[in-house]
Amino acid sequence: MWLRLLATLGIAAAVLLSWWWRIDEARSPDDAPETAFGQQIDLGRSLFTPEALVLRRQPDGPDQLVMTALIENITGATQAAVFGSPPRPPGLSIDGAPLDAPEVTLLRDGEMLRELQPRLPERITLAWTLPRPWHAQPVEIGFARQTFKLRDNLYGQSSWLGFVPSARMTVEPEDTP
């Protein structure tokens with residue numbers, strides 16, 4: 001009798017432990033897939049397509065890394081939080097050290113990106129200020145997707161929840177003369 005009880009408890013513990021490991025793995029993926037220029041990346045509220053990364057040398061100030069990209073709002077309403085709320089734009093890191101958030105501007109008129117209309121793609125630039133001195137080297141850019149839940153557990157309403165890694169890109173920027 002005791003042997004059967006212990007065997008049943010052992011099997012139940014093994015099943016519950018493997019079940020928990022699967023839930024934890026699905027909840028927080030360890031590593032985002034590698035992406036490249038021209039590939040669409042799902043950011044939750046928008047689709048982001050990186051086009052190029054160039055080094056912009058400034059004679060009178062710090063150098064910048066500038067990424068040009070195409071972004072499209074895929075929700076049904078105008079979005080002021082294109083990169084989620086709180087905002088989480090693509091993050092650039094050099095040798096594992098993250099840089100401050102980029103300045104996001106519209107390519108068509110040079111104005112800051114404030115909101116994005118649904119299903120109207122916009123070309124944008126993201127500019128990261130580089131530390132001095134900086135020499136051309138590979139950088140890593142991480143993208144995060146904000147998850148949407150139609151009915152949350154607290155209020156039973158639709159809401160945007162936390163962020164999960166969506167993609168990452170390792171690239172060496174082009175040097176502009």
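## Salt bridges

A salt bridge is taken here as a side-chain nitrogen of Lys or Arg within 4 Å of a carboxyl oxygen of Asp or Glu. Under that rule, this predicted model contains 7 salt bridges. Side chains of opposite charge can pair when their charged atoms come close.

## The Glu-51 and Arg-123 pair

One of the salt bridges joins Glu-51 to Arg-123, with 2.7 Å between the closest N and O atoms. This contact connects distant parts of the chain: Glu-51 belongs to strand S2 (residues 46-56) and Arg-123 to strand S7 (residues 122-129), and the two are 72 residues apart.

Are the two partners buried, partly exposed or exposed? Glu-51 has a relative accessible area of 30% and is partly exposed. Arg-123 is also partly exposed, at 39%. Neither value falls under the 20% limit for buried or over the 50% limit for exposed, so both residues take the intermediate label.

## Asp-63, Arg-57 and a shared network

Asp-63 and Arg-57 form another salt bridge, with an N to O distance of 3.2 Å. Asp-63 is buried, because its relative accessible area of 16% lies under the 20% cut-off. Arg-57, by contrast, is partly exposed, with a value of 40%.

A salt bridge also links the side chains of Asp-109 and Arg-108, where the N to O distance is 3.5 Å. Asp-109 counts as partly exposed at 40% relative accessibility. Arg-108 is exposed, because its relative accessible area of 58% is over the 50% cut-off. Elsewhere, salt bridges with shared partners bring Arg-57, Asp-63 and Asp-175 together in one network.

## The largest pocket

Rolling a probe the size of a water molecule over the atoms shows where empty space is left. The largest pocket found in the model has a volume of about 240 Å³. It is lined by 15 residues, and those closest to its centre are Gly-142, Phe-143, Pro-165, Ala-167 and Arg-168.

Which strands each supply at least two residues of the lining? They are strand S8 (139-149) and strand S9 (159-171). By residue class, the lining of the largest pocket divides into 7 nonpolar, 3 polar and 5 charged residues. Among the residues closest to the centre, Phe-143, Pro-165 and Ala-167 count as nonpolar, Arg-168 as charged and Gly-142 as polar.

Technical notes:
Residues are numbered from 1 along each chain as its sequence is written. This is a predicted model: local features need pLDDT of at least 70, side-chain atom pairs count only at pLDDT 80 or more; totals for chains, interfaces and linings use all residues. Side-chain values use heavy atoms; hydrogens and water are left out. Helices (H or I, at least four residues) and strands (E, at least two) are DSSP runs, numbered from the N terminus. Buried means under 20% relative accessible area, exposed over 50%, partly exposed in between (1.4 Å probe, protein chains only). On a 1 Å grid over the protein atoms alone, a cavity is a set of points where a 1.4 Å probe fits but cannot get out, and a pocket is an open set with protein on both sides within 12 Å along at least five of seven lines; lining residues have an atom within 4 Å of a point. Grid points are joined across faces, edges and corners, and a volume is the space filled by probe spheres set on the points.
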